[in-house]
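Please explain how the pocket of this protein is built and how the ligand is held within it.

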Amino acid sequence: MTYDPNNIFARILRGEIPCKKVYEDSHVLAFHDVNPQAPTHVLVIPKGAYVSFDDFSAKASADEITAFVRAAGQIARDLGAAEPGYRILANTGLNGGQEVPHFHLHLFAGRRLGRMIAAD
Ligand code: AMP
């Protein structure tokens, strides 16, 4: 899949659409989801133009991957979620239910999150 530079997260990265930012560094931006599914629901995105986890894992540089993973863990700690725990999720492609075609991790916290996969 070709990266769409007008997807909503690309527009957030360019500052064309506001977000409730929780973290930013040279490789990563994180902000609150507009439609939270848990008391804490944060999206962590790379600044690079990657469509999905599949794309990011195949093409991102080691520096980008390291920065992304480190940032995701730090954000969870900064939100006070490391204890008692949280869930990270990357919907990928059609079967994964991905809606926004810019790779993002969902970080859910703030309550017991129940079963791993909801029935459809
Ligand atoms: P996914 O289905 O994994 O692609 O998730 C996309 C997520 O982006 C959903 O949870 C949406 O609520 C969220 N979302 C869409 N637009 C925005 C926005 N402008 N700011 C923050 N979150 C958004």
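**The pocket and its ligand**

The largest share of the lining of the largest pocket, three residues, is supplied by helix 1, in a model that is predicted. Helix 1, which spans 8-13, is joined in this lining by strand 2 (28-32), strand 3 (40-46), strand 4 (86-89) and strand 5 (105-109), and each of these elements supplies at least two residues. The pocket that they border holds about 1,000 Å³ of space. Its lining comprises 33 residues, and those that lie nearest the centre of the pocket are Gln37, His41, Asn91, His106 and Phe108. Sorted by class, the lining of the largest pocket is made up of 17 nonpolar, nine polar and seven charged residues.

Where does the ligand sit? The ligand sits in this largest pocket, where 16 residues surround it, the closest being Asp33, Asn91, Glu99, His104 and His106. Asn91 and His106 thus appear both among the residues nearest the centre of the pocket and among those closest to the ligand. Helix 1 and strand 2 each give at least two residues to the shell around the ligand, and helix 1 again has the largest share, three residues. By class, this shell has seven nonpolar residues, seven polar residues and two charged residues.

Which atoms of the protein lie 2.7 Å, 2.8 Å or 2.9 Å from an oxygen atom of the ligand? For Glu99 it is a backbone N or O atom, 2.7 Å from a ligand oxygen, and for Val100 it is likewise a backbone N or O atom, at 2.9 Å from an oxygen atom of the ligand. His106 differs in using its side chain, a polar atom of which lies 2.8 Å from an oxygen atom of the ligand. Taken on its own, the ligand has 500 Å² of accessible area, and the protein covers 85% of that area.

One further feature concerns the backbone. Most peptide bonds are trans, but the bond from Glu83 to Pro84 is cis, with omega near 10 degrees. Pro84 is placed in the loop between helix 3, which spans 62-78, and strand 4, and strand 4 is one of the elements that supply at least two residues of the lining of the largest pocket.

Terms used:
Residues numbered from 1 in each chain as written. Predicted model: local features only at pLDDT ≥ 70, side-chain atom pairs only at ≥ 80, totals over all residues. Heavy atoms only, no water. 1 Å grid on protein atoms, 1.4 Å probe; cavity = no way out; pocket = protein on both sides within 12 Å on 5 of 7 lines; lining within 4 Å. Points joined across faces, edges and corners; volume = space filled by probe spheres on them. Helix = DSSP H or I, 4+ residues; strand = E, 2+ residues; numbered from the N terminus. Nonpolar A, V, L, I, M, F, W, Y, C, P; charged D, E, K, R; others polar. Near = heavy atom within 4 Å. Polar contact = N/O pair within 3.5 Å; in protein donor to acceptor, adjacent residues only side chain to side chain. Areas by Shrake-Rupley, 256 points an atom, 1.4 Å probe, with all protein chains shown as cover. Sits in = over half its atoms within 2 Å of the grid points.
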